[in-house]
Amino acid sequence: NPALYPKLAFDPGRDFTPVARVVVTPLVAVVPASLAAANMAQFIALARAKPGELNFGSGGNGNINHLAGELLKLQTNTQMQHVPYKGSAPALADLVGGRIQLMIDGGNVVQPFVKDGRARALLVTGETRSSALPDVPTAIESGMPDFVIYGWHGVLASTGTPPAIIDKLT
């Protein structure tokens with residue numbers, strides 16, 4: 001966060017002590033079911049053919065989903081416009097409505113839309129396929145070995161928390 005928000009009221013490295021990483025999960029890149037891209041290679045070709053015309057949405061500026069989209073642009077030399085939303089739900093509504101052409105979000109967020117056919121999953125950003133979406137290839141299988149991305153959630157304590165308490169929480 002300091003790289004994105006230089007005027008934070010705290011220093012994450014100084015003010016917090018890591019306790020535990022609780023959840024680690026890959027992301028899933030999805031497009032509207034109506035989009036003419038059955039896989040990531042086809043989506044990249046479409047984005048290159050229409051520079052600046054495709055939009056990718058995320059649940060807000062600076063989150064892992066936004067940064068994954070920016071990384072995709074860099075790694076594929078494509079030009080897409082980021083559209084930040086106030087959460088994933090409105091972004092998904094615009095994705096299935098065809099107003100944005102890509103989202104990269106947690107599998108738990110996009111899975112219902114993939115399962116009911118309103119969205120198409122192009123790839124999973126993990127090193128292995130998702131058990132919830134077993135037919136969706138990984139980034140590695142899609143020829144994008146540098147696009148392995150995991151979102152994570154963890155527990156932090158204030159610096160100065162006694163080690164015994166940190167150990168117990170861990």
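Which glycine follows H4, and what is the sign of its phi? I looked there before anything else: glycine 98 comes after H4, and its phi is positive, near 80 degrees. Note to self: this is a predicted model.

**Entry: overall layout**

I counted the elements and got 6 helices and 6 strands in the chain. Reading along the sequence, I wrote down the pattern α-β-α-β-α-β-α-β-α-β-β-α. The C-alpha trace spans about 55 × 35 × 30 Å along its principal axes. Of the 170 residues in the chain, 38% are buried. I also checked the contacts between residues at least 6 apart in sequence, and 67% of them join residues at least 24 apart. The exposed area of the chain comes to about 9,400 Å², with carbon and sulfur atoms supplying 56% of it.

**Entry: helix H4**

Back to H4, which runs over residues 88–96. Which of its residues are buried? I have Ser88, Ala91, Leu92, Asp94 and Leu95 on my list. These buried residues sit on the same side of H4, because the arc they cover around the axis is only 165 degrees. Next I asked what covers them. The cover includes strand S1 (16–32), strand S2 (54–58) and helix H3 (64–76). From later in the chain, strand S4 (102–106), helix H5 (107–115) and strand S5 (119–124) are also among the covering elements.

Asp94 deserved a second look. Its side chain meets that of arginine 99 in a salt bridge, 2.7 Å from N to O. Aspartate 94 has a relative accessible area of 18%, and the limit for buried is under 20%, so it counts as buried.

**Entry: helix H2**

I ran the same check on H2, residues 40–49. Here Met40, Phe43, Ile44, Leu46 and Ala47 are the buried ones. Their arc around the axis is only 160 degrees, so they too fall on the same side of their helix, H2. On the other side of H2 I found Ala41 and Ala49 exposed. As for what covers the buried residues of H2, I noted S1, S2, H3, strand S3 (80–84), S4 and S5 among the elements. S1 is thus listed in the cover of H2, and S1 is also listed in the cover of H4.

**Entry: salt bridges**

How many salt bridges does the structure hold? My search gave 6. Besides the one between arginine 99 and aspartate 94, I followed up those of arginine 14. Arginine 14 bridges to aspartate 11, with the closest N and O atoms 3.9 Å apart. Arginine 14 also bridges to aspartate 15, and there the closest N and O atoms are 2.9 Å apart. On accessibility, arginine 14 is exposed at 53%. Aspartate 11 is partly exposed at 31%, and aspartate 15 is partly exposed at 24%. Shared partners join Asp11, Arg14 and Asp15 into one network.

**Entry: aromatic pair**

I searched the whole structure for aromatic pairs and got 1. Is this pair stacked or edge-to-face? The partners are phenylalanine 10 and phenylalanine 16, with ring centres 5.6 Å apart and planes at 85 degrees, so I logged the pair as edge-to-face. Phenylalanine 10 is partly exposed, at a relative accessible area of 36%. Phenylalanine 16 is partly exposed as well, at 28%.

**Entry: a surface patch**

On the surface I picked out a nonpolar patch of about 250 Å². Leu4, Tyr5 and Leu67 make it. Leucine 4 belongs to the segment before helix H1 (12–15). I checked the exposure of leucine 4 too: its relative accessible area is 38%, so it is partly exposed.

**Entry: valine 114**

Last lookup of the day was valine 114, which I placed in helix H5. Is valine 114 buried or exposed? Its relative accessible area is 17%, so I put it down as buried. What does valine 114 touch, not counting residues up to four places away in sequence? I listed Val30, Ala119, Ala121 and Leu133. I also took the distance from valine 114 to proline 12, which is 102 residues away along the chain. Their C-alpha atoms are separated by 36 Å.

Methods:
Residues are numbered from 1 along each chain as its sequence is written. This is a predicted model: local features need pLDDT of at least 70, side-chain atom pairs count only at pLDDT 80 or more; totals for chains, interfaces and linings use all residues. Side-chain values use heavy atoms; hydrogens and water are left out. Patches are made of residues with over 30% relative accessible area and no salt bridge: like charges are joined within 9 Å, nonpolar side chains (Val, Leu, Ile, Met, Phe, Trp, Tyr) within 5 Å. Accessible areas come from the Shrake-Rupley method with a 1.4 Å probe; for residues, only the protein chains shown count as cover. A salt bridge is a side-chain nitrogen of Lys or Arg within 4 Å of a carboxyl oxygen of Asp or Glu. Helices (H or I, at least four residues) and strands (E, at least two) are DSSP runs, numbered from the N terminus. Buried means under 20% relative accessible area, exposed over 50%, partly exposed in between (1.4 Å probe, protein chains only). The arc is that of the directions from the helix axis to the C-beta atoms. Contact means heavy atoms within 4.5 Å. Rings of Phe, Tyr and Trp (its six-membered ring) pair if their centres lie within 6.5 Å; planes under 30 degrees apart count as stacked, over 60 as edge-to-face and the rest as tilted.
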